[in-house]
Amino acid sequence: QVQLVESGGGLVQAGGSLRLSCVASGSFFSINAMAWYRQAPGKQRELVATITSSSTTNYADSVKGRFTISRDNAKNTVYLRMNSLKPEDTAVYYCNANVLNSGTWRRGDYWGQGTQVTVSS
């Protein structure tokens with residue numbers, strides 16, 4: 001069993017900052033790529049940022065220059081630092097990790113339960 005737990009969401013004014021965290025726990029050998037997605041009301045889930053096991057990063061155009069994804073492999077944790085937040089960043093943010101499950105010996109994608117980020121204007 002693999003679990004991802006996000007934290008750090010909340011209500012912030014436009015122009016403010018938040019840092020999201022996501023910790024992976026359970027039975028696994030390794031974590032490959034990790035990512036943050038978000039889903040706004042009435043919209044499809046979209047990719048926000050990704051980071052490989054060697055910390056190569058990639059961002060959606062809408063967040064480039066404002067968001068920073070990072071990871072601490074020793075803590076099985078991925079972070080998303082969000083600066084200069086805009087009302088359109090309001091969404092539920094989900095953590096995703098590609099994990100080699102030690103119970104099944106298979107690699108698969110796992111998701112957290114999501115954390116709400118609300119940016120007021």
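The following dialogue walks through a predicted model, from the chain as a whole to one residue.

Visitor: Which elements does the chain have, and how do they run from the N terminus on?

Guide: A good start is to list helices and strands, and in this predicted model the chain has zero helices and eleven strands, so that, by the DSSP runs used here, the order from the N terminus is β-β-β-β-β-β-β-β-β-β-β.

Visitor: What radius of gyration does the chain have, and what would a compact globule have?

Guide: One compares the value with that expected for the chain length: with 121 residues a compact globule would have a radius of gyration near 14 Å, and the chain, at 14 Å, agrees with this. Along the principal axes, its C-alpha atoms fill a box of roughly 45 × 25 × 20 Å.

Visitor: What share of the contacts joins residues 24 or more positions apart?

Guide: Among contacts with a separation of 6 or more, such pairs account for 56% in this chain. As for cover, 40% of the 121 residues count as buried, while the chain exposes about 6,400 Å², of which carbon and sulfur atoms supply 47%.

Visitor: Is S21 buried or exposed?

Guide: A residue counts as buried when its relative accessible area is under 20%, and because S21 has 13%, S21 is buried. S21 is found in strand 3, which covers residues 18–26.

Visitor: Which residues does S21 touch, not counting those up to four places away in sequence?

Guide: With those neighbours set aside, S21 touches V5, E6 and S7, and also W36, V78 and Y79.

Technical notes:
Residues numbered from 1 in each chain as written. Predicted model: local features only at pLDDT ≥ 70, side-chain atom pairs only at ≥ 80, totals over all residues. Heavy atoms only, no water. Helix = DSSP H or I, 4+ residues; strand = E, 2+ residues; numbered from the N terminus. Rg over C-alpha atoms; globule rule 2.2 N^0.38 Å. Buried < 20%, exposed > 50% of the residue type's maximum accessible area, 1.4 Å probe, protein only. Contact = heavy atoms within 4.5 Å. Areas by Shrake-Rupley, 256 points an atom, 1.4 Å probe, with all protein chains shown as cover.
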